[in-house]
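Biologist: I'd like to learn how to read a fold from its coordinates. Can we walk through one together, feature by feature?

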Amino acid sequence: MTISEYNSCVDEYADNLYRFMFKQTGDSPSAKDLVQDAYLKLWQKYKDVDFKKAKSYLFTTGYNKMIDNYRKNSRQELIQDSHVRTHTHSDQYSDLSEILEEALNKLPEIQKSVIMLRDYEGYSYDEIGEITNLKSSQVKVYIYRGRLKLKEYLISVEHVL
């Protein structure tokens with residue numbers, strides 16, 4: 001990959017990568033850090049990465065870094081055990097996008113990731129498999145199971161009211 005192709009990757013994929021990372025983490029600074037880490041790694045290996053595979057490389061790198069951070073933070077949270085999650089109910093109107101966002105956040109990390117890559121970013125099953133290091137059949141199963149959980153959550157009256 002040439003330097004101009006690298007710059008082209010920044011122009012073409014940075015927003016999509018940020019949007020994916022933000023949807024996964026729900027935290028803008030973390031999403032920006034993950035995007036920056038992915039581009040840093042691409043810059044360090046730009047001579048070895050084919051321009052045609054740069055998008056996949058960026059999403060794979062970002063996804064793997066996100067999982068590493070998630071695992072690290074999960075261990076710290078278990079050690080600290082500092083907060084208790086409570087469920088609250090609001091009588092105010094809930095926007096459908098908020099309900100969908102809440103439903104997505106209830107999914108296991110892998111299901112959320114593959115659904116986001118498929119439905120929000122438009123990747124094929126094979127591309128998602130390449131990004132997440134899963135077989136295409138595993139990707140299909142995770143998407144199917146995730147969509148079932150989303151459906152169950154969304155048709156439940158208590159979540160819509």
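Modeller: Sure. Keep in mind that this is a predicted model. Let's start with one residue: Thr 61 lies in helix 3.

Biologist: Okay, is Thr 61 buried or exposed?

Modeller: For that you look at relative accessible area, and anything under 20% counts as buried. Thr 61 comes out at 12%, so it is buried.

Biologist: And which residues does Thr 61 contact, leaving aside its neighbours within four places in sequence?

Modeller: Those would be Ala 38 and Lys 41. You can also look at C-alpha distances: Thr 61 and Thr 132 are 71 residues apart along the chain, yet their C-alpha atoms are separated by 9.5 Å.

Biologist: Helix 3 also holds Ser 56. How does Ser 56 count, as buried or exposed?

Modeller: Same reasoning as before. Ser 56 has 15% relative accessibility, so it counts as buried. Not counting residues up to four places away in sequence, Ser 56 touches Glu 130 and Ile 131.

Biologist: Ile 131 is in helix 6, right? Which residues of helix 6 are buried?

Modeller: Ile 128, Gly 129, Ile 131 and Thr 132. The next thing to check is how they spread around the axis. Here they cover an arc of only 165 degrees, which puts them on the same side of helix 6.

Biologist: What follows helix 6?

Modeller: Asn 133, and its phi is worth a look: the angle is positive, near 60 degrees.

Biologist: Let's zoom out. How many helices and strands does the protein have?

Modeller: Eight helices and zero strands, so to speak an α-α-α-α-α-α-α-α pattern when you read along the sequence. Of the 161 residues, 33% count as buried. For contacts with a separation of 6 or more, 64% come from residues 24 or more positions apart.

Biologist: How do I read a helix pair, say helix 1 and helix 5? At what angle do their axes cross?

Modeller: You take the axes first, then the residues. The axes of helix 1 and helix 5 cross at roughly 145 degrees and come within 10 Å, and the crossing is right-handed. From helix 1, Phe 20, Lys 23 and Gln 24 take part, meeting a set in helix 5 that includes Glu 109, Lys 112, Met 116 and Tyr 120. By type, the residues of this contact divide into four nonpolar, two polar and three charged.

Biologist: Last one: how many residues are in the largest nonpolar core?

Modeller: There are 39, and those with the most contacts inside it include Met 1, Cys 9, Leu 17 and Leu 58. Then ask which elements contribute. Among those giving two or more residues are helix 1, helix 3 and helix 7.

Biologist: What does Met 1 touch, not counting residues up to four places away in sequence?

Modeller: Its partners include Tyr 6, Cys 9, Leu 42, Tyr 46, Val 49, Phe 51 and Ala 54, along with Lys 47 and Asp 50.

Note on methods:
Residues are numbered from 1 along each chain as its sequence is written. This is a predicted model: local features need pLDDT of at least 70, side-chain atom pairs count only at pLDDT 80 or more; totals for chains, interfaces and linings use all residues. Side-chain values use heavy atoms; hydrogens and water are left out. A nonpolar core is a set of buried Ala, Val, Leu, Ile, Met, Phe, Trp, Tyr and Cys residues joined through side-chain atoms within 4.5 Å. Buried means under 20% relative accessible area, exposed over 50%, partly exposed in between (1.4 Å probe, protein chains only). Helices (H or I, at least four residues) and strands (E, at least two) are DSSP runs, numbered from the N terminus. Contact means heavy atoms within 4.5 Å. The arc is that of the directions from the helix axis to the C-beta atoms. Axes are lines fitted to C-alpha atoms, for helices over the stretch in contact, and angles run from 0 to 180 degrees between N-to-C directions. A crossing is left-handed if the near helix is turned anticlockwise from the far one by less than a right angle, and right-handed if clockwise. Ala, Val, Leu, Ile, Met, Phe, Trp, Tyr, Cys and Pro count as nonpolar, Asp, Glu, Lys and Arg as charged, and the others, Gly among them, as polar.
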